[in-house]
Amino acid sequence: MKCPSIPPDETERLQALAAYGLDPNRPLPALEPVVKIAARMFDMPVAAINMIGSDHVFFAASIGTGDVDMRRDVSFCAHAINQTNVMVVPDSHLDERFHDNPLVLGPANLRFYAGIPLISPDGHALGALCVIDSQPREFSEEDCERLRELAKMAVDRLELRRLEISTEQSRRPFEEVARNSPTAMVWFDIHRRIVSWNQAAAALHGYAIEEGEGLLVDQLIPERERPTFHRLVEQAVEAGTFDGICMPEAAYGIRKDGSEFELGLSLFCWHEHGQLIFNAHLQDITAKKREEKELHRLATTDLLTGMANRGRFYREVERALVSAEPMAVLMLDLDGFKDVNDTLGHAVGDSILCEIGRRLEDGIGTSGLAARIGGDEFAVVLHQIDQPEKAQLIAQSLVKGLAHAILIDHHEIRITASCGVAISPQHAQEALTLIGNADLALFHAKRLGGAQSHVFTPALRMEAVARHLYGLELHRAVHNGEFVLFYQPQIRLSDGALVGAEALIRWRHPERGLLSPAAFLPALENGPLAATIGNWVLDEACAQAAHWRRQGMTDFRMGVNLFGAQFRVDDLAATVISTLERHGLPPSALELEITENIVLEQDEIALESLRSLREAGVGVAFDDFGTGYASLSLLKHYPLSRIKIDRSFVQGILDSPQDRAVINAVIDMAGAFSLDTIAEGIETAAQQAALFEMGCSEGQGYFFSKPLSAIQFTDAFGLGQPLSRRA
């Protein structure tokens with residue numbers, strides 16, 4: 001066991017500690033809320049404020065401690081005061097300082113410890129605020145920051161104690177201190193009779209100074225306040241101090257003319273010549289309270305809508321969690337609000353936000369709190385809701401209410417919202433986690449198409465973690481060249497001739513082996529590397545196509561799938577043309593494949609780029625055609641050269657009249673627009689024959705070949721030596 005070292009300022013430190021008047025038999029009740037909050041906040045069985053004496057330690061406040069060895073030599077807190085930051089011991093059995101400590105091996109069974117020193121105003125470590133568990137734990141930097149905030153609260157309360165002790169110990173005669181003080185002071189005895197007061201106190205209550213002596217303090221406060229004041233004095237007489245006595249949060253004074261005012265009240269008492277003497281410091285805080293209320297309103301209110309703001313929302317969630325109150329948190333986001341703002345202007349947008357706020361507040365009534373937390377994002381706290389089904393019903397009702405038309409400046413506007421729901425305590429017992437879970441549910445609701453609500457499930461958190469981990473790994477994969485391209489041949493159905501290939505990305509993961517796109521494309525497409533990797537795929541595929549064309553496949557065509565991000569970064573048309581020129585390829589050697597989602601999300605940006613490329617001679621194929629609701633209208637506007645018939649229809653071509661009808665319709669439409677067709681997912685000779693008979697010109701699928709590496713593709717089709725390149 002390693003004993004704690006003695007700080008170099010030990011003498012001064014002990015003198016500073018003595019100034020607080022604390023000892024094992026005199027804890028500080030004002031510190032009890034701090035340890036209760038700490039135990040609840042970190043879900044720990046033990047929390048304490050431990051003061052470090054010369055050879056022993058003692059608790060100024062504690063919860064869950066029981067009988068403990070209080071020698072300084074074995075104290076973890078005695079180690080903590082020698083540090084400037086939080087001291088964390090995740091597992092005492094694995095720490096050479098503590099593995100054989102009596103607190104670890106004995107009945108206390110101390111396995112986890114986190115403590116932070118409590119520093120006096122003059123820089124001396126008085127003790128430590130700590131949380132303890134009998135099980136090993138992790139303690140994040142965020143947890144450390146919360147412990148620091150609680151330590152500040154404890155230090156503030158200790159300092160109030162020191163000032164009170166100092167006042168009691170250095171008391172001078174009332175008249176000497178108070179006569180000319182601007183602070184209103186009243187000196188009275190145990191019978192509440194005024195012994196003396198100063199000019200400031202007399203003027204505050206509308207009296208002449210000579211009228212004070214002999215008055216009862218009761219005459220300075222309204223009648224309804226007097227029973228409370230009497231109890232305070234009686235408690236102080238019994239205890240000999242006001243220490244630990246709870247003062248009223250609000251008090252009122254009364255003037256000689258009967259008018260009332262809000263009163264700031266501080267009470268002190270001390271023994272003088274065997275008698276208990278009381279001193280009251282008084283202040284008219286009416287104006288101050290009014291100013292504080294206005295500042296509080298501004299600090300907790302969204303200025304546009306008048307709703308609660310982000311800060312108040314977070315505090316409300318934390319308050320409910322601390323009080324173990326069941327509740328639901330709803331996170332809402334308006335669908336397509338940016339388009340409304342851009343089209344109709346910010347003044348109309350602001351009016352919409354105000355109306356949305358009003359509907360949310362009307363929708364929840366007095367059952368909770370609605371807040372605007374930024375932009376077009378709103379949040380709701382619903383109290384006493386412990387069933388996901390009930391929260392979901394309320395969320396659906398709110399979403400439905402927001403969808404009703406809004407009439408602003410003769411514009412009838414319809415706005416929908418998506419909503420995510422999380423419940424406490426089922427889904428989380430910490431504010432940031434609970435709100436984060438509701439945000440994950442919101443993200444899922446928006447992915448479902450908007451105008452919907454969704455309740456959090458643990459699977460959403462797992463997906464988010466997986467996305468994050470994949471995001472980190474994708475950076476490594478790019479840096480280490482772990483991505484490779486496979487190529488699936490595209491065949492002319494009339495004679496089985498090879499006409500081209502579709503380049504398909506794969507990931508050679510160092511631990512999980514070769515990964516198909518389904519494992520990583522969602523993280524890639526929504527991450528910051530999409531454009532970078534998309535441009536690499538384009539360059540790599542063009543290099544391979546140029547190589548095979550030089551090996552005799554002079555009309556070989558390479559199909560490359562585009563990411564939506566490639567339309568937003570740089571100039572896609574210029575990038576493609578530059579890549580073709582670098583590899584000596586004619587534009588007809590490349591066919592870019594786009595999906596309906598890319599077209600809809602990018603809109604005019606995509607249309608302009610694709611028109612430029614099509615005019616230059618680059619092919620543009622519409623992938624997964626027939627699976628989206630907007631495909632037919634897009635044929636009129638987009639510069640396409642080919643339609644890819646989705647594999648889901650090809651699979652049913654022989655057995656499903658409906659699938660066969662869809663394929664017939666697609667081929668007919670392609671002919672009407674002078675477009676070529678290629679079918680995906682061909683797995684049998686019968687499917688090939690049927691497609692050829694219906695007029696489809698090309699196909700790809702496992703019947704011809706699965707996707708192959710460049711080397712396998714070269715060997716399979718006799719294209720000479722493979723190209724040697726590294727991603």
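This report describes selected salt bridges, surface patches and individual residues in a predicted model.

## Salt bridges across the structure

Side chains of opposite charge can pair when their charged atoms come close. In the whole structure, a search finds 38 salt bridges. Three of these pairs are described here, beginning with one that links two loops.

The partners in this pair are R111 and D91, whose closest N and O atoms are 2.9 Å apart. R111 lies in the loop between α4 (102-105) and β4 (112-119), while D91 lies in the loop between β3 (87-89) and α4, so their salt bridge ties together parts that are 20 residues apart in sequence. Both residues, R111 and D91, are buried.

## Helix α5

Helix α5 covers residues 141-169 and contains both D143 and R146. These two side chains form a salt bridge with an N to O distance of 3.0 Å. Because D143 and R146 are 3 residues apart in the helix, about one helical turn separates them. D143 and R146 are both buried.

A second pair in helix α5 consists of E159 and R162, which are likewise 3 residues apart and separated by about one helical turn. Their salt bridge has its closest N and O atoms 2.5 Å apart. How does the exposure of the two partners compare with the cut-off of 20% relative accessible area, under which a residue is buried? E159 has a relative accessibility of 17%, so E159 counts as buried. R162, at 25%, counts as partly exposed. Salt bridges with shared partners also join E142, D143, R146 and E430 into one network.

Helix α5 also holds A154. With a relative accessibility of 0%, A154 counts as buried. In sequence, A154 and V35 are 119 residues apart, yet in space their C-alpha atoms are 9.0 Å apart.

## A buried serine in strand β16

S424 is found in strand β16, which covers residues 416-424. The relative accessible area of S424 is 3%, and the residue is therefore buried. Where does the side chain of S424 reach? The side chain of S424 reaches the backbone oxygen of A428, at a distance of 3.3 Å.

## Patches on the surface

Two patches illustrate the surface of the model. One is a negative surface patch, formed by D570, D571, E604 and E608. Among its members, E608 lies in helix α21, which covers residues 604-616. E608 has a relative accessible area of 59%; since a value over 50% marks a residue as exposed, E608 is exposed.

The other is a nonpolar patch on the surface, made of L295, L298 and L303. Together, these three residues have about 320 Å² of accessible area. One of them, L298, lies in helix α9, which covers residues 286-300. L298 counts as partly exposed because its relative accessibility is 39%.

## Summary

The salt bridge of R111 and D91 joins parts that are 20 residues apart in sequence, whereas E159 and R162 pair within helix α5 at a separation of 3 residues. Away from these pairs, S424 is buried in the model, while E608 is exposed and belongs to the negative surface patch.

Conventions. Residues are numbered from 1 along each chain as its sequence is written. This is a predicted model: local features need pLDDT of at least 70, side-chain atom pairs count only at pLDDT 80 or more; totals for chains, interfaces and linings use all residues. Side-chain values use heavy atoms; hydrogens and water are left out. Patches are made of residues with over 30% relative accessible area and no salt bridge: like charges are joined within 9 Å, nonpolar side chains (Val, Leu, Ile, Met, Phe, Trp, Tyr) within 5 Å. Accessible areas come from the Shrake-Rupley method with a 1.4 Å probe; for residues, only the protein chains shown count as cover. A salt bridge is a side-chain nitrogen of Lys or Arg within 4 Å of a carboxyl oxygen of Asp or Glu. Lys and Arg count as positive and Asp and Glu as negative; His and the chain ends are not counted. The place of a charge is taken as NZ of Lys, CZ of Arg, CG of Asp or CD of Glu. Helices (H or I, at least four residues) and strands (E, at least two) are DSSP runs, numbered from the N terminus. Buried means under 20% relative accessible area, exposed over 50%, partly exposed in between (1.4 Å probe, protein chains only). A polar contact is a pair of N or O atoms within 3.5 Å; within protein, one must be able to donate a hydrogen and the other to accept it, and residues adjacent in sequence count only if both atoms are side-chain atoms.
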